[in-house]
Amino acid sequence: MSIFSIYNTQSRNLQAVNVIGRPVRIYCCGPTVYRDAHVGNLRTFLLADLISRTLKLSGLEVLLIQNITDVGHMSEDFESEDKMLSQAKLEKVDPFEIARKYEVKFHTDIARLNIAPAKSYPRASETIPGMLLSIQTLIENGSAYVSESGSVYFSAESFPSYGAISGNRLDSLKPGHRYEYSEDGEKKFHADWALWKSAGNRSEMVWDSPWGRGFPGWHIECTAMSLDLLDRHVDIHVGGIDLRFPHHENERAQSNSIIGGEAVDLWVHGEHLLFEGRKMSKSANNVVLVEDLISKGLDPLSLRLALMENRYRSQMDLTWDSLRAANSTLNRWRSAMASWGNSETIGFDSEIHSSLLADLDTPRALLRLRAIEKDQLLTSVQKREIFNYADQVFALDLKRVVEVKPLTSEQSALLESRATARANKNWGESDRIRDLLARDGIVVSDNPEGQSWAWSN
């Protein structure tokens, strides 16, 4: 059996996943369901899927848990109100209605990207008892303390190896750092964080506890759920690089303090995703959703392919051009697969196999697939069977039949007009016509030889 290795953020080197006799236990930090997941969020969830599929390709079983954060999300943009409550006020509905609405949309989006479902999706709001038990354990072993108001804080100084994942040591964290609640005078040390927050004036999304009514801190949620559902040990913990600090740093401190050892073997982080050269944000008006791809006539799996063109731990700049190019590639490969026959046999390619097992080198694996496509020494049947093999991890639905239908005269005229506009460097007109064609399900891509087009499905 081949061994899969991946980069461990904590040890800062590649580490083999060598689990014998049981499934590989994976925990992936899931969505905070107060808004749609954008393509940057989905890159992280795709990472967990690629890890799972590659492990299965190498002969291992996988147990993947992904939480749903629907309460207590304390982060750098959390000031006085939970994100769920804030969105509930904005939409004028119950906060749990907000949570369920965006949870359903999350599952719809990951299905569109062929991200295989996790074994379980525990909701933070439904696992409060486990969090209370975890907090009680931390209080009893001296890792946490109760304030006069009934809030409970983790004592950062009780955990000497704090900072091992991110490099943010306690002596370098200044008072008032922006990753937790504003200082309320109850902390014994400025880098301590809330495990349980007293309800105060808050009346929604609060629960009873031994310390009074309140709600959980964000970090304790993942500790409680991962330890409970993965038998108190995580082989691979997956998340976006933005969670490395403080979330994963705090989670490690909590989990290790509960079990008295390392709770996680490998911390794996996906890098940031830019769009058209900028960080995605509401203020920049460049947040891209799966629905946006569909509205432009693109197969959602074009996003999956475009993301795999880059290493998961490299910052990536996604563009509409790269998405359109990926869509064209999908259509070309599906057409090629149909022309290569109907064999369902799974072939094997050592280079694709070794690329995936070596820190998920999907760009190299895709280059190999392109080489196979053009290889004149391979038969059509051999090509199809190797593509079948690769698609176990790539999950691009390469056997899907591409719809072939003629263009209308109006569509042909639009394509000719667009080619003329590009030749005259009339980029605004070129983009306008491209968007018109997209509404008809025609995706246009540009290359050095000119423009090409394909039906989006």
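Reader: In which helix is the place of F96?

Author: This is a predicted model, and in it F96 has its place in helix 3, which covers residues 95–112.

Reader: Is F96 buried, exposed or something in between, and what does F96 touch?

Author: Residues between the limits of 20% and 50% relative accessible area are called partly exposed, and F96, at 27% relative accessibility, therefore counts as partly exposed. If we leave aside its neighbours within four places in sequence, F96 is in contact with D70, S125, M205 and W207. The C-alpha atoms of F96 and V264, on the other hand, are separated by 31 Å, with their positions 168 residues apart along the chain.

Reader: Which other residue of helix 3 could we look at, and how far is D36 from that residue in space?

Author: K105 also has its place in helix 3, and with a relative accessible area of 32% K105 is partly exposed. K105 and D36 are 69 residues apart in sequence, while their C-alpha atoms are 6.9 Å apart in space.

Reader: M205 was among the contacts of F96; where is M205 found, and what is the sign of its phi?

Author: M205 is found in the loop between strand 7 (193–198) and strand 8 (214–216), and its phi is positive, about 55°, although M205 is not a glycine. At 5% relative accessibility, M205 counts as buried. L360 also has a positive phi, of about 50°, without being a glycine; L360 lies in the loop between helix 10 (350–357) and helix 11 (362–374) and is buried, with a relative accessible area of 1%.

Reader: Which peptide bond is cis?

Author: The bond from F245 to P246 is cis, with omega near 5°, and P246 has its place in helix 6, residues 244–259.

Reader: How should I read the two sides of a helix, taking helix 13 as the case?

Author: An α-helix has 3.6 residues a turn, so residues three or four places apart point the same way. In helix 13 the buried residues are Q411, L415, R418 and A421. Seen down the axis of helix 13, these buried residues fall within an arc of 125°, so they line one face of the helix. The face turned away from that buried side carries the exposed residues S409, E416 and A423.

Reader: What do the buried residues of helix 13 pack against, and what follows the helix?

Author: They pack against helix 14 (427–439), strand 14 (442–447) and strand 15 (450–455), and helix 13 is followed by K425, whose phi is positive, near 60°. As for length, at 1.5 Å a residue the 15 residues of helix 13 should span 21 Å, and its end C-alpha atoms are 21 Å apart, which agrees.

Reader: How many helices and strands does the whole protein have, and why is it called as compact as a globular protein of its length?

Author: The protein has 14 helices and 15 strands. Its radius of gyration is 24 Å, close to the 23 Å that the globule rule gives for 457 residues, so the protein is as compact as a globular protein of that length. Of those 457 residues, 55% count as buried.

Reader: Where does pLDDT stay under 50?

Author: Where pLDDT is low, the predicted coordinates should not be read in detail. The protein averages a pLDDT of 91, and 94% of the residues score at least 70, but pLDDT stays under 50 over residues 74–79, for which the model has 18 contacts beyond four places in sequence.

How values were computed. Residues numbered from 1 in each chain as written. Predicted model: local features only at pLDDT ≥ 70, side-chain atom pairs only at ≥ 80, totals over all residues. Heavy atoms only, no water. Helix = DSSP H or I, 4+ residues; strand = E, 2+ residues; numbered from the N terminus. Expected span 1.5 Å × (residues − 1). Buried < 20%, exposed > 50% of the residue type's maximum accessible area, 1.4 Å probe, protein only. Arc of directions from axis to C-beta. Contact = heavy atoms within 4.5 Å. Rg over C-alpha atoms; globule rule 2.2 N^0.38 Å. pLDDT = per-residue confidence, 0-100.
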